[in-house]
Amino acid sequence: MGINLGDVFPDFKADTTKGEISFHEFLGDSWGILFSHPADYTPVCTTELGEVNKLTKEFEKRNVKPIALSCDPVASHKGWIADIQDFSKSSGDWGYPIIADEKRELAIKFGMLDPEEKDKAGMPLTARAVFIIGPDKKLKLSLLYPASTGRNFDEVLRVLDSLQLTAYKKVATPVNWQQGGNCMVLPSVTPDDAKTLFPEHYVQDLPSGKQYMRFTPQPK
């Protein structure tokens with residue numbers, strides 16, 4: 001099943017390290033990040049899930065709920081958490097649930113499987129998928145990494161900042177944009193409206209004479 005940007009992300013029920021959840025109910029009015037990993041007790045996954053746990057407060061600041069998924073059972077997830085916390089030098093309550101998708105129903109439904117990565121029984125494992133879902137339950141971003149490449153969660157935070165800003169302000173974020181940096185006025189905003197909405201904006205002169213490179217300080 002393909003899920004396109006702007007589609008409502010399907011609701012589902014699943015067993016997790018924090019009990020059974022209904023996905024939409026779990027999200028509530030928050031943004032969400034559903035991310036999969038190939039397997040428990042594996043090196044790259046240990047670094048990734050540890051990093052997400054350390055970023056719990058950053059996600060909370062942005063009203064974002066992370067939730068992980070692999071094809072391992074809940075008991076395996078819970079045992080592995082101790083290793084992750086030891087490696088990442090963290091302690092206390094684990095910051096987010098991990099879904100047990102043992103029958104691979106969700107992995108198949110959401111196109112998460114990596115045909116090159118298989119378990120001991122020859123069954124395909126989940127790739128490193130990332131889905132960002134908005135409070136309206138619609139898919140805002142999807143990424144898919146192979147098992148060999150760990151994700152950059154600083155980039156995930158940067159993308160979240162951009163998605164949340166551009167969801168409510170008539171701007172786009174340029175290449176390598178960071179929180180607080182200049183933004184670009186959307187082409188759909190007329191010159192007159194741009195003067196009202198973005199009084200500090202300026203236009204970059206170009207050889208074509210076309211005035212489409214319009215920059216503005218990040219809106220508050």
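The largest pocket holds about 200 Å³ of space, in what is a predicted model. The points below start from that pocket, turn to strand β8 and its partners, then to the nonpolar cores, and end with some individual residues.

**The largest pocket**

- Lining the largest pocket are Lys 13, Ala 14, Asp 15, Ala 100, Asp 101, Glu 102, Lys 103, Glu 105 and Leu 106, and the elements that give two or more residues to this lining are β1 (13–16) and α5 (105–109).
- The element that gives the most to the lining is β1, with three residues.
- Sorted by class, the lining of the largest pocket contains six charged and three nonpolar residues, with no polar ones.

**Strand β8 and its partners**

- Because six of the six residues of β8 are buried, this strand is largely enclosed by the rest of the structure.
- From β8, Arg 128, Val 130 and Ile 132 point one way, while Ala 129, Phe 131 and Ile 133 point the other way, and all are buried; in a regular strand the side chains alternate between the two faces of the sheet.
- Strand β8 pairs with β3 in the antiparallel sense over four bridges, and within this part of the structure Phe 35 has Val 130 in β8 as its bridge partner.
- Strand β8 is also joined to β9 (residues 139–145) by six bridges, again in an antiparallel arrangement, with Ala 129 standing opposite Leu 144 in β9.
- A hairpin is formed by β8 and β9, with five residues between them, and Lys 137 in the turn has a positive phi of about 70°.

**Nonpolar cores**

- The largest nonpolar core has 25 residues, of which Ile 33, Phe 35, Leu 49, Phe 59, Tyr 96, Ile 132 and Leu 160 touch the most other members.
- At least two residues of this core come from each of β3 (31–36), α2 (43–54), β4 (64–70), α4 (74–87), β8 (128–133) and α6 (153–168), and the largest share, six residues, comes from α6.
- A second, separate core of 20 residues includes Phe 26, Leu 106, Phe 110 and Phe 131.
- Leaving out residues up to four places away in sequence, Leu 160 touches Trp 31, Ile 33, Phe 59, Val 64 and Ile 132.
- As a general background to these cores, nonpolar side chains in soluble globular proteins tend to be buried together.

**A buried arginine in a loop**

- Arg 104 is placed in the loop between β5 (98–100) and α5, and it counts as buried because its relative accessibility is 8%, where buried means under 20%.
- Apart from neighbours within four places in sequence, Arg 104 is in contact with Cys 71, Asp 119, Met 123, Pro 124 and Leu 125.

**Exposed loop residues with positive phi**

- Most residues other than glycine have a negative phi, which is the background for the two residues that follow.
- Lys 89, which is not a glycine, has a positive phi of about 55°; Lys 89 is found in the loop between α4 and β5, and it counts as exposed because its relative accessibility is 75%, where exposed means over 50%.
- Asn 176, also a residue other than glycine, has a positive phi near 60°; Asn 176 lies in the loop between β10 (171–172) and β11 (183–185), and with 64% relative accessibility it counts as exposed.

Note on methods. Residues numbered from 1 in each chain as written. Predicted model: local features only at pLDDT ≥ 70, side-chain atom pairs only at ≥ 80, totals over all residues. Heavy atoms only, no water. 1 Å grid on protein atoms, 1.4 Å probe; cavity = no way out; pocket = protein on both sides within 12 Å on 5 of 7 lines; lining within 4 Å. Points joined across faces, edges and corners; volume = space filled by probe spheres on them. Nonpolar A, V, L, I, M, F, W, Y, C, P; charged D, E, K, R; others polar. Buried < 20%, exposed > 50% of the residue type's maximum accessible area, 1.4 Å probe, protein only. Contact = heavy atoms within 4.5 Å. Core = buried A, V, L, I, M, F, W, Y, C linked by side-chain atoms within 4.5 Å. Pairing = 2+ DSSP bridges.
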